[in-house]
Amino acid sequence: MKMTGAQIVFESLTREGVNVIFGIPGGAILPLYQTLPEYPNLRHILTRHEQGAAHAADGYARVTGKVGVAFGTSGPGATNLVTGIACAQMDSIPTVFITGQVGRAAIGKDAFQETDIAGITLPITKHNYLVMNASEIAYTIKEAFYLARTGRPGPVLVDIPKDVFVEQAEFEYPETVDLPHYNVQPAIKTEALKQAAALIKDAKRPLILAGHGVIISHAYNELRELAEKTGIPVITTLLGISSFPSNHPLCVGMPGMHGMAYASLAIDEADLLLGLGMRFDDRVTGDLKTFAPNAKIIHVEVDPSEINKNKHATVPLVGDLKTVLQKLLPHVQPKTHPDWVKRIDVLKKEHPPVRSIAANGMRPQAILQTLSKETKGQHVIVTGVGQHQMWAAQHSTFVNPNSFITSGGLGAMGFEVPAAMGAQVGRPDATVWSICGDGGFQMTMSELATIVENNIPVKFAIFNNGFLGMVRQWQDIFYKKSYVATNYTRNPDFVKLAEAFGMPGRRVARQEDVLPAIREAMAHNGPMLLDFMIPQEENVFPFIPAGQSTAQLMEEPVEDLAHGG
Ligand SMILES: Cc1ncc(C[n+]2csc(CCOP(=O)(O)OP(=O)(O)O)c2C)c(N)n1
């Protein structure tokens, strides 16, 4: 049946199960938008900025496991998507970005709003396309979604010239893709499984390092079964948080730069690491030479290029984590490690995350603990990047799988508002809390308008220290408190801003107001903003400076406690 290119785009998206699109129109993509009313089942959320659309699609994809979709027009529309695309690439988030391009005849002529977005995004997409004929749209979209969601997921961009949207072509949606060199189900060798099982059997001090791959492949049950069957304690990377319940007796928390000291110290003593769907990122390992000096490594990864990239794998296992664990489980024998678990308990006692949560003051750690207590850990927490992100990772409880959403790889400030919006759209049943830095919040706060317009009931908690806090912390520690360009001396009144955008806001400056404010926000049937006035110079501990090892671990100085933070 003959259709326009625009109709083919929407027919294809429908076949891929898309029901939400975030975006902003413009000249080059207008023929696509003008066709949208023919597809009333497709919900389009008009954002205030394309970065908001991209992060929202990303947040939606993270919580649903479906492919997130965002639209942008040519030129600035497309370049505004770039940060969100890079973020999705770094964290392996299945997303498809569709951009309008100038008409075919104008390509390469520096036409108005022309940008080579395929060229720009080449290194930050899993794959991208410039579609030059309407007849190629259906297959391209089929392939784009297939690539986005299979293997190691990631962002795929499809750039379509304006006149291709109006060109007519025969529509038939392909059933399969033809990608002979793209192998997403490599054979898992029984020999390697046996080797891994033998290492697990012999280990005295084994640890599981659970990464984002557990969440991406929905291997929660397999991870839990493996940990419980073998008695191996579980450390989760930043992106692995909520892949394993934080209240499980075998949960040891996050290691690395701002991880729990005891988790990093346990890695020092481990004789076996099972890296599950993680990539030995520098924020986890610090100095690679001194990381896990005594450990053999079983590395399970869907992306073969991650194997031996940072750490040599004694036994590499390439494949979808869920499948690999299902195949591994019958080979491993039941075991317990009482001495090792006791040793980790000693480390936990000797190295608490904060030495005490002072009763006075507005310590951010205490606010987060109060929040978790109030929600009973039944929340989805979305953060920005900075100190508040690390406090949220350290001091929140996560009971449900996949309930911590953060920009781990790119570390994109400004993620907190739109990604929370996308997460709430994807999980309308969930209580979504956006934990924001006052800096990052101001990068994308215009999406509050989108949130109010669409009645998306995200609760915002700004951790307002009047600083670009994490950078100030580095200046504090490494530059003798020389606070260059990190102090926002006149932040806007966030409560009034919330009201201006159309949602209630409360300033919370006293500790006794923390709990009532959280309760009020939770009881409010819609979005609401809380502006927590936290101490200006609170630092995040523990802290292992970049590229260093646990020998350089800094814990909370005791003198800080006298001031209640
Ligand atoms: C887009 C972007 N620009 C700059 C940075 C560098 N950076 C990392 S953390 C940080 C400070 C974040 O400040 P804020 O959002 O207020 O959070 P806080 O650290 O105070 O909790 C900055 C500037 C970044 N991560 N992202």
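# Reading a predicted fold, from burial to sheet

Modeller: Let's start with burial: of the 565 residues in the chain, 59% are buried. Keep in mind that this is a predicted model.

Colleague: How should I read the overall dimensions? What radius of gyration would a compact globule with 565 residues have?

Modeller: The idea is to set the chain against a rule for globules. For 565 residues a compact globule would come out near 24 Å, and the chain has 24 Å, so the two agree. Along the principal axes, the C-alpha atoms fill a box of roughly 70 × 60 × 40 Å.

Colleague: And the contacts? What share comes from residues 24 or more positions apart?

Modeller: Counting contacts with a separation of 6 or more, 76% are between residues 24 or more positions apart. As for secondary structure, the chain has 24 helices and 20 strands.

Colleague: Let's take the sheet. In what order do its six strands run?

Modeller: To read a sheet, list the neighbours across it, then look for the ends. Here the order is 3-2-4-5-7-6, the sheet is open and the pairing is parallel. Strand 3 and strand 6 (127-130) are the edge strands, each pairing on one side only. On average, neighbouring strands are turned by 20 degrees against each other, direction ignored.

Colleague: Which helix packs on that sheet, and which strands does the helix touch?

Modeller: Helix 3 (residues 50-64) does, touching strand 2, strand 4 and strand 5. The direction of helix 3 makes about 170 degrees with that of strand 4.

Colleague: Now strand 2. Are the residues on its two faces buried or exposed?

Modeller: For a strand, check the two faces separately. In strand 2 (residues 20-23), Val20 and Phe22 on one side are buried, and so are Ile21 and Gly23 on the other, leaving both faces covered. Strand 2 pairs in the parallel sense with strand 3 over four bridges and with strand 4 over two bridges.

Colleague: Which residues are the bridge partners of glycine 23?

Modeller: In strand 3 the partner is leucine 46, and in strand 4 the partner is phenylalanine 71. Going on across the sheet, phenylalanine 71 has isoleucine 98 as its bridge partner in strand 5. Strand 4 and strand 5 (residues 95-101) are paired in the parallel sense over five bridges.

Colleague: On to the aromatics. How many aromatic pairs are there in the whole structure?

Modeller: The search finds 15. For each pair, read the distance and the angle together. Phenylalanine 10 and tyrosine 39 make a tilted pair, 5.3 Å centre to centre with 35 degrees between the planes.

Colleague: Why does that pair tie together parts 29 residues apart in sequence?

Modeller: Because phenylalanine 10 lies in helix 1 (residues 5-15), while tyrosine 39 is in the loop between helix 2 (30-33) and strand 3 (43-46). Phenylalanine 10 has 0% relative accessibility, so it counts as buried. Tyrosine 39 is at 12%, under the 20% cut-off, and therefore counts as buried too.

Colleague: What is the geometry of the pair formed by tyrosine 33 and phenylalanine 71?

Modeller: Edge-to-face: 5.8 Å centre to centre and 85 degrees between the planes. This pair links distant parts of the chain, with tyrosine 33 in helix 2 and phenylalanine 71 in strand 4 (residues 68-72), 38 residues apart. Both tyrosine 33 and phenylalanine 71 are buried. Ring pairs join Phe10, Tyr33, Tyr39 and Phe71 into a cluster.

Colleague: Which residue lies over the face of phenylalanine 467?

Modeller: That's arginine 472, at 5.6 Å from the ring centre.

Note on methods. Residues numbered from 1 in each chain as written. Predicted model: local features only at pLDDT ≥ 70, side-chain atom pairs only at ≥ 80, totals over all residues. Heavy atoms only, no water. Phe/Tyr/Trp six-rings, centres within 6.5 Å; stacked < 30°, edge-to-face > 60°. Buried < 20%, exposed > 50% of the residue type's maximum accessible area, 1.4 Å probe, protein only. Lys NZ or Arg CZ within 6 Å of the ring centre and 35° of its normal. Pairing = 2+ DSSP bridges. Axes fitted to C-alpha atoms, helices over the stretch in contact; angles between N-to-C directions. Contact = heavy atoms within 4.5 Å. Rg over C-alpha atoms; globule rule 2.2 N^0.38 Å.
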